[in-house]
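Here's a quick tour of one model, for anyone who likes to see how the parts of a chain fit together. Have the sequence and the 3D view open while you read.

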Amino acid sequence: MEIKKVGVVGCGLMGSGIAQTAAEGGFTTIVREPTQELLDKGLQRIRDFMAKGIEKGKMTPERRDEVWARIQGTTDLSDLADCDLVIEAITEVRDAKEALFAELDQICKPSTIFATNTSTFRVAELAAVTKRPHLFGGLHYFFPPVINKLLEVVRTKETVPEVIETLLNFGRLTGKLPILVLDSPGFAVNRFFIAWYNEAARLLDEGVANIPTIDEAACETFGIGMGPFKLINVSGVFLAYHGAASLYESLGEFYKPAKHLRELYESNQLWDLSGEVDPTRKQAVAERLLGVVCGVAARVVEEGVATIEDVDRGATIGLRWAKGPFALMNDMGLEHALELMKPIEERHPGFIPDLLKKQVASGKPWPLRHVRLSVDGAIATITMSRPEALNALNRKVLQELKDALAQVRANRAVRVVILTGEGNAFIAGADIKEMQALAAQPDAIREFTEFGQGVLRDIETLPQPVIAAINGFALGGGLEVALACDIRIASSDARLGLPEVGLGIMPGLGGTQRTTRLVGRGVASELIFTGDLIGAEEAARVGLVNRVVEPAKLMETARQLAERIASRAPVALAKAKAAILATQQLPLDEGLAFELDRAIEVMATPDRVEGMQAFIEKRQPVFTGEET
Ligand code: CO8
């Protein structure tokens with residue numbers, strides 16, 4: 001499902017930001033407000049936001065003009081008829097949203113995908129007013145939508161997989177880090193975020209601590225700049241109260257808005273943040289907030305709303321917490337986390353999820369993964385999944401990559417591997433923060449680098465061909481990973497380089513060796529000595545990547561190529577790969593001898609018999625991958 005034209009209904013605080021991100025992602029965007037006055041105000045909001053971006057050096061005037069040229073305003077809903085995707089971002093009033101979708105359903109072409117930015121209503125219920133619930137999902141943006149990278153892509157039971165994939169891809173192309181969540185009250189992030197600030201207000205109700213103490217304890221515990229009370233003052237008491245009230249309505253007593261929060265809302269006031277911090281009360285506050293957040297987060301996962309990794313991502317990317325609930329539980333120990341939840345369970349029986357109890361019983365921490373492996377038929381996809389740090393390689397990530405490669409190596413059904421990155425980067429290099437700590441100890445940095453070299457060698461010597469699908473930054477160790485792959489396809493917005501010398505170090509994961517062998521000494525020297533980043537087209541021109549495709553086509557192209565390769569004889573592929581690699585290690589005569597031996601071995605395989613027979617019989621061969 002291809003998206004070219006996007007409609008955004010509503011150009012308020014959220015809608016204007018959503019329209020801007022869509023246009024920044026390269027989509028023709030039409031934004032609608034019902035009156036010219038509201039439309040002018042909304043469009044001005046976009047202009048002001050971009051002007052601020054220029055002031056802060058985040059946007060150039062040329063880029064502004066390019067983005068602005070893609071945005072069109074209208075007061076007429078029927079102008080959205082030919083949009084491929086329509087995102088609703090109007091006021092949070094259910095009747096209004098339902099009426100809008102019913103009207104859009106009449107106006108838009110049958111293939112238009114609908115998405116709502118609701119944070120309170122069930123997406124399925126809004127979808128039910130249309131005749132296309134299968135083409136309906138949620139795109140839940142976080143404030144401010146242009147800057148906050150988190151995007152919850154909400155699937156209902158009826159949203160078809162192609163629409164989910166299209167919405168996830170749309171999120172990625174507009175620079176967001178999408179997490180897939182199930183349609184449920186508060187989705188993933190608001191569920192524990194609302195519980196967090198509501199519990200802060202309950203602590204106030206119970207007289208456990210005053211506002212400055214609770215705010216300070218929350219800042220220290222979650223590594224944030226603003227505690228819950230200050231945050232509510234900034235983001236709006238109305239929103240905070242209604243968030244809690246709506247979860248209370250759908251999920252029951254535990255989410256009932258705290259007395260102080262209700263009173264504040266009813267009196268239309270802001271929190272009074274003045275007063276002295278009482279350090280003796282901070283621990284009690286921290287323990288309650290941690291207990292609530294961790295318990296609710298585990299419940300969200302138990303209900304299948306999101307994965308543990310995505311919940312943590314929601315916290316670190318969407319809320320800017322230093323760590324997500326699952327990483328926090330791993331740090332404190334799961335048994336301790338369970339202890340913190342017991343007093344909450346006494347007040348709210350059934351609060352502690354079975355999932356957590358089971359994990360505690362296993363004696364193991366939560367298995368938070370930074371590398372995902374999925375196998376679909378003959379094709380395995382390894383996705384580097386640490387988008388909050390642009391997939392930078394630390395020891396844990398490298399170990400997980402090594403484990404994924406070992407699984408692929410042992411799986412005879414896998415014929416080709418695609419390696420790619422989550423979010424806006426393939427891999428932005430080795431983790432500079434971890435290297436900074438290790439570099440003070442020569443043994444430790446040598447061990448880390450040797451380990452990294454070993455993992456890259458595992459990629460290179462995998463019997464199956466490996467395609468790097470380079471979806472963004474491939475820098476330093478990230479480019480070195482791509483160079484260890486057999487084939488590189490880059491999206492047109494990828495940036496590649498070996499910037500190590502700018503950090504006062506040199507490439508150490510094969511950058512001086514593999515780059516030189518691939519593109520020759522001159523080009524390699526220029527890349528390494530300048531540390532400059534180059535675009536995908538330039539990378540293709542110098543032979544660093546095989547080809548360049550539009551960002552939206554990257555994975556599709558990689559998969560098509562993988563399928564073509566996967567249909568060939570596996571033993572022949574593995575031996576040909578080994579022979580190609582030998583060219584990098586052996587003098588020509590020895591390389592030719594090596595090639596001869598492998599070629600003769602391949603001649604003896606059943607797949608050779610099948611391949612040649614199939615040609616003679618004018619049919620497609622069926623390869624088994626048997627050695628003899
Ligand atoms: N290591 C650790 N964290 C990183 C890395 C990295 N390589 N790259 C990005 N991040 C983190 C950022 O710190 C930031 O985190 P936070 O939000 O917590 O501050 C987050 O990712 C997002 O990054 P930015 O905000 O910087 O994103 P921008 O879009 O503004 O910029 C860039 C993107 C240009 C890619 C920028 O992040 C950058 O320059 N990154 C570093 C690139 C680099 O220098 N890579 C080479 C690393 S060295 C290396 O790979 C050596 C290999 C082994 C050598 C061994 C020798 C012994």
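Let's start at the border between domain 3 and domain 4, where the rule finds one salt bridge. Keep in mind that this is a predicted model. The bridge pairs the side chains of D486 and K577, with N to O at 2.9 Å. Polar contacts add to the picture: five residue pairs are counted between domain 3 and domain 4, with both partners at pLDDT 80 or more.

On the side of domain 3 that touches domain 4, helix α19 (residues 442-461) gives the most, namely four residues. By type, that side of domain 3 splits into five nonpolar, two polar and five charged residues.

How much area do domain 3 and domain 4 bury between them? The figure is about 740 Å², and 53% of it sits on carbon and sulfur atoms. Three residues stand out here: R415, E460 and R517 supply 51% of the area that domain 3 buries against domain 4, more than any other three residues.

Stepping back, the protein chain is cut into domain 1 (5-182), domain 2 (189-362), domain 3 (371-563) and domain 4 (570-617). For the pair discussed above, the contact takes twelve residues from domain 3 and seven residues from domain 4. The C-alpha centres of domain 3 and domain 4 are 27 Å apart.

Now for the ligand. It has 24 residues around it, and the ones that come nearest are A428, A430, I432, K433 and G477. For three of these residues, here is how a polar backbone atom lines up with a ligand atom:

| Residue | Ligand atom | Distance to a polar backbone atom of the residue |
|---|---|---|
| A428 | nitrogen | 2.9 Å |
| I432 | nitrogen | 2.9 Å |
| G477 | oxygen | 2.8 Å |

Last, a couple of backbone details. Most residues other than glycine have a negative phi, and most peptide bonds are trans. Which two residues does a cis peptide bond join? They are F143 and P144, and omega there is about -10 degrees. P144 lies in the loop that runs between β6 (136-141) and β7 (150-155).

The other detail concerns phi. N268 has a phi near 55 degrees, which is a positive value in a residue other than glycine. Where does N268 sit? Look in the loop between α11 (259-266) and α12 (282-302).

Technical notes: Residues are numbered from 1 along each chain as its sequence is written. This is a predicted model: local features need pLDDT of at least 70, side-chain atom pairs count only at pLDDT 80 or more; totals for chains, interfaces and linings use all residues. Side-chain values use heavy atoms; hydrogens and water are left out. Domain bounds come from an automatic or database domain assignment. Contact means heavy atoms within 4.5 Å. Buried area is the accessible area (1.4 Å probe) that two parts lose on being put together, summed over both. A salt bridge is a side-chain nitrogen of Lys or Arg within 4 Å of a carboxyl oxygen of Asp or Glu. A polar contact is a pair of N or O atoms within 3.5 Å; within protein, one must be able to donate a hydrogen and the other to accept it, and residues adjacent in sequence count only if both atoms are side-chain atoms. Helices (H or I, at least four residues) and strands (E, at least two) are DSSP runs, numbered from the N terminus. Ala, Val, Leu, Ile, Met, Phe, Trp, Tyr, Cys and Pro count as nonpolar, Asp, Glu, Lys and Arg as charged, and the others, Gly among them, as polar. A residue is near a molecule or strand if one of its heavy atoms lies within 4 Å of it.
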